[in-house]
Amino acid sequence: MDKKLLSGKKALIVGVANENSIAYGCAQMLKTAGAEVGITYLNEKSKPFVDALAQKLEPTIYERCDVTIDNDLDNLFDKIKQKWQSVDIIIHSIAFSPKEDLHGSIVDCSKAGFLLAMDISCHSFLRMAKLAKPLMPKGGALFAMSYYGAVKVVEHYNLMGPVKAALESCVRYMAVDLGPQKIRVIALSPGPVKTRAASGLEDFDKLMQRAEQESPMHTLVDIYDVGAMVAYLSSDYAKNITGDTIYIDAGFHLLG
Ligand code: NAD
């Protein structure tokens, strides 16, 4: 990794829960590439786990961000304005669904569970983009994490499928909307990675086994594969890439 690839750029990463988080891989790779980073933690319960990682990442912004709490996002972006004045890169690496709505038959998921999943995992990306826009006067890059279950039916992915489909569609509309301001918007679609969010899916181990056996490269991806892609896509080398969903899955999606 070129240590000056992103020098002078400031990156906010939302979604670090622990050392297995995809967001942590992204934060580490962005920092390695020379970016100044800011990270968030969800709440007081998760803070001690994120504190340990913050010591390594030395973020210049470190704030609470629970997107379901009114004002958390506003406060976060106020801090960015005060400390950084502007921001170049935003990583949205968060998702949530109530367990009872995720398991079983998709038609049984409750309206409240569906709307909460959509709010946290999708609409919050639009809210972040709205707040980031005035802080990106010279352009920037916004990223969200999707999954193959957005475009194909993946057993047990259930309501997160339509939620990720909406997220990928938002990315396309946002890319067109924000393109004239040189703000690029990209969805990343990693293959299965063993994280806390993933452990909420039934039979996740089988999904990983399938990914390893059936992907053309017969390998699993890790959080640093995702981070390396984010670093490249954040750089000026990728200045004309926007609106797409980029797979990081050792080719698994090609065979579906
Ligand atoms: P993770 O559990 O490490 O990260 C999920 C994050 O979502 C956590 O940091 C959690 O605090 C955050 N979050 C949940 N509710 C929130 C709220 N109300 N406000 C703010 N943050 C909240 O798991 P992960 O797998 O790294 O997930 C990151 C993203 O990657 C998610 O969008 C997930 O759907 C996506 N993804 C994961 C995989 C995988 O196999 N792990 C594959 C493709 C995409």
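**View 1. Polar contacts between the ligand and Ile94, Ser21 and Thr195 in this predicted model.** Start with the backbone: a polar backbone atom of Ile94 sits 3.2 Å from an oxygen atom of the ligand. Side chains join in too. Ser21 brings a side-chain N or O atom to 2.6 Å from a ligand oxygen, and for Thr195 the matching side-chain distance to an oxygen atom of the ligand is 2.5 Å. On its own the ligand would expose 810 Å², and the protein buries 93% of that.

**View 2. The shell around the ligand, which occupies the largest pocket.** Here we step back to take in the neighbours. There are 28 residues around the ligand, and Gly15, Ser21, Lys164, Val193 and Thr195 come nearest. Sorted by class, that shell has 18 nonpolar, seven polar and three charged residues.

**View 3. The largest cavity, with a volume of about 60 Å³.** Now for the enclosed spaces: the model has three cavities of 30 Å³ or more. Lining the largest one are Tyr147, Tyr148, Val154, Pro192, Leu207, Arg210, Ala211 and Phe252. That makes seven nonpolar residues and one charged residue, with no polar ones.

**View 4. The second largest cavity, holding about 50 Å³ of space.** Its walls come from Tyr147, Tyr148, Ser189, Pro190, Gly191, Pro192, Tyr247, Asp249 and Phe252. Tyr147, Tyr148, Pro192 and Phe252 also turn up in the lining of the largest cavity. By class, the second largest cavity is lined by six nonpolar, two polar and one charged residues.

Notes. Residues are numbered from 1 along each chain as its sequence is written. This is a predicted model: local features need pLDDT of at least 70, side-chain atom pairs count only at pLDDT 80 or more; totals for chains, interfaces and linings use all residues. Side-chain values use heavy atoms; hydrogens and water are left out. On a 1 Å grid over the protein atoms alone, a cavity is a set of points where a 1.4 Å probe fits but cannot get out, and a pocket is an open set with protein on both sides within 12 Å along at least five of seven lines; lining residues have an atom within 4 Å of a point. Grid points are joined across faces, edges and corners, and a volume is the space filled by probe spheres set on the points. Ala, Val, Leu, Ile, Met, Phe, Trp, Tyr, Cys and Pro count as nonpolar, Asp, Glu, Lys and Arg as charged, and the others, Gly among them, as polar. A residue is near a molecule or strand if one of its heavy atoms lies within 4 Å of it. A polar contact is a pair of N or O atoms within 3.5 Å; within protein, one must be able to donate a hydrogen and the other to accept it, and residues adjacent in sequence count only if both atoms are side-chain atoms. Accessible areas come from the Shrake-Rupley method with a 1.4 Å probe; for residues, only the protein chains shown count as cover. A molecule sits in a cavity or pocket if more than half of its atoms lie within 2 Å of its grid points.
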